[in-house]
Amino acid sequence: MTSLEEPFVSPAVDWWVLVPQIILVGAALGLLLVASLAPRALPGWVSTIASIATGAAAAIVAAVQWATWGATPRPTLAGAFVSDGFSLLLTVLIGAGVVMTALVAHSALDRYGMAPPEFAALLLASAAGAVVMAGANDLIVLFLGLESLSIALYVLIALAGRRASARESAMKYFVLGAFSSAFFLYGVALVYGATGSTNLSGIGDFLFGTIRQTDYLLLVGVALLLVGLGFKVAAAPFHFWAPDVYEGAPSPVTGYLASIAKAAGFAALARVLYVAVGEQSVAWTPILAGLAFATLAVGAVMAICQNDVKRMLAYSSISHAGFVLVGLTAVDVAVLRDIWAPIGDAASVPVDAGDGISSAVFYLVAYSFMALGSFAVLSVIGSASTEPADETSRHHLSRYGGLARRHPVLALAFAVLLLAQAGVPLTAGFVAKFEVIRAAVGAGGYVLAAVAMGTAVVSAFAYLRVVLGMYAPEGSADDGDSAPVARASRPRWGGLPLTSVLAITLAVAVTLVVGVLPQTLLEWSADAFVSIIL
């Protein structure tokens, strides 16, 4: 009876930590409410401005939080969610991704037959789920963020329902996503059975303070978690959905899938591996290295076999996921174990031990802008008035022949983004690849580093093929229907949608600036590593 008389004490909530999520969810709900109560359909620019303002506000708040308390972890909701340098950096990235996606989609929603308020609300809801994944410190909260992101993406793809390819892509993504969620939940159950907790820090503390023999229940649970998250990041052999879904989805959504959704998946993977089961790294590191090897090989080889630029970029995104996996694998486990206990002073952490994690974070940020910019270019190219009724063949390589003569600035921007993905010096892609390979060599992963360098050379052929086609003396298919046609209802610059031009310009600027001056982002990535292990 005494226990029944004790008052219930709810966990303390640090609302300041949750402001970015509140902004995103509140704006999504508010936009739906206004659209449903308005006497007539809202103009498309209202939804676009709302999305841009909301994404920018979430990113600014995260930046202010970083400036206020730095990379020091700040947990809330009984430790189920944590704001630290890792989550704040990714929140800024997610906010920027929302802004760029909204800019690109503004000129494409009519073409795809998607309602602007619904698109904007789903975009913001998926971003809220991604932010939750970046800061989740509990497997249940992580699953909630994962499903919030995934369900919104399923519907975003299906919004272009008048296209058969979009319906097929949405259904394929939904069915396979349901299977991956089932694997993830089963893994959560097994990890809870082995450790008695779903809190990532609690699991890590339990494993650190317990001397035990090999726990096969825990290892199977971790393996199932890897399967579930491997699907979300399109790591081989869980990548089969990606090329078809990327090809059939609307180009603005594809860019978001390849960048922000992938970044959220890797954020969740990093937290599970290094916060929860870092003590079992000897068991899962070889598995992760095998996934990285397969992902690099499949992405690079299949990319050079594609004649469709959109499918080529889809396989390219798989190859880039392999580089991020190399970074997550390249961790000095011995040093990491020595500092696994609570430290208190972030300055005392040997950051070199986490070169792999920091290089993976750097790669995620750099690639996200390259992917968003590349698919923004594809969206512009696909906006031709005589385009096919379906996605298939709209982005055939021949449609890019002679692009430099029709739109020299657009071709130059696309060339910069493609060469950056190939790893050409003075671009963010070169620095990202260099840092990942350096971390792998520093951790003794010479074979994996050699494979990464080899696949980078192979995949460069796919990018150069497109660049050479754009600048070929004689266009291979300059039949007039591949040039974007102006529409009076949209502001345009040089025959191109103005909002898409802004997004492409931002992507190219970040790619070049980070390539020439990478030190600031490298320092932020190192701070993200420090915060994730404290």
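A residue counts as buried when its relative accessible area is under 20%. Keep that cut-off in mind as you move through this predicted model, starting with a residue that falls well within it.

**Stop 1: the loop between α10 and α11**

Select A234, which sits in the loop between α10 and α11. Its relative accessibility is 0%, so A234 counts as buried. Now look at its backbone: phi of A234 is near 60°, a positive value in a residue that is not glycine. For context, most residues other than glycine have a negative phi, and most peptide bonds are trans.

Stay in this loop and move on to P237, which lies between α10 (216-232) and α11 as well. Which form does the peptide bond from A236 to P237 take? That bond is cis, and its omega is near 5°.

**Stop 2: L77, between two strands**

Next, pick L77 in the loop that links β1 (74-76) to β2 (81-83). L77 has a positive phi too, about 55°, although it is not a glycine. Is L77 buried or partly exposed? With a relative accessible area of 35%, L77 is partly exposed.

**Stop 3: N199 and its neighbours**

Just along from L77 in the sequence is A78, and A78 is your link to the next residue: N199 is in contact with it. N199 lies in the loop between α8 (164-195) and α9 (200-208). Show everything that touches N199, leaving aside residues within four places in sequence, and you should find A78, G79, A80, N137 and D138. Measure from C-alpha to C-alpha and N199 and A78 come out 9.6 Å apart, with their positions 121 residues apart in sequence.

Zoom in on N137 before you leave. Its backbone oxygen lies 3.3 Å from a polar atom of the N199 side chain. N199 counts as buried because its relative accessibility is 17%.

**Stop 4: α11 against α14**

Time for some helix packing. Select helix α11 (residues 241-248) together with α14; their axes come within 9 Å and cross at roughly 140°. The two helices are therefore oblique to each other. The crossing in which α11 passes α14 is right-handed.

To see who makes this contact, show A242, P243, D244, Y246 and E247 on the α11 side, and K310, R311, A314, Y315, S317 and I318 on the α14 side. Colour them by character and the contact of α11 with α14 divides into 6 nonpolar, 1 polar and 4 charged residues.

**Stop 5: α14 against α19**

Keep α14 (residues 309-329) selected and add helix α19 (residues 428-442). What is the angle at which α14 and α19 pack? It is about 40°, and their axes are 8 Å apart. That angle makes α14 oblique to α19. The crossing of α14 and α19 is left-handed.

Here α14 contributes H320, F323, V326 and G327, while α19 brings K433, V436 and A440. The contact of α14 with α19 divides into 4 nonpolar residues, 2 polar ones and 1 charged one.

**Stop 6: S368 in α16**

Move to helix α16 (residues 355-381) and select S368. S368 counts as buried because its relative accessibility is 1%. Where does its side chain find a polar partner? A polar atom of the S368 side chain lies 2.7 Å from the backbone oxygen of L364. Setting aside residues up to four places away in sequence, S368 touches L93, S259 and A263.

**Stop 7: A528 in α22**

For the last single residue, go to A528 in helix α22 (residues 519-533). A528 is buried, with a relative accessible area of 0%. Beyond residues up to four places away in sequence, A528 touches G85, F86 and V361. Add L90 to the selection: A528 and L90 are 438 residues apart in sequence, but 9.4 Å apart in space from C-alpha to C-alpha.

**Stepping back**

Zoom out to finish with the whole protein chain, which has 22 helices and 4 strands. Of its 534 residues, buried ones make up 60%. And among the contacts with a separation of 6 or more, 81% come from residues 24 or more positions apart.

Conventions: Residues numbered from 1 in each chain as written. Predicted model: local features only at pLDDT ≥ 70, side-chain atom pairs only at ≥ 80, totals over all residues. Heavy atoms only, no water. Axes fitted to C-alpha atoms, helices over the stretch in contact; angles between N-to-C directions. Parallel < 35°, antiparallel > 145°, perpendicular 65-115°, else oblique. Left-handed = near helix turned anticlockwise from the far one by under 90°. Contact = heavy atoms within 4.5 Å. Nonpolar A, V, L, I, M, F, W, Y, C, P; charged D, E, K, R; others polar. Buried < 20%, exposed > 50% of the residue type's maximum accessible area, 1.4 Å probe, protein only. Polar contact = N/O pair within 3.5 Å; in protein donor to acceptor, adjacent residues only side chain to side chain.
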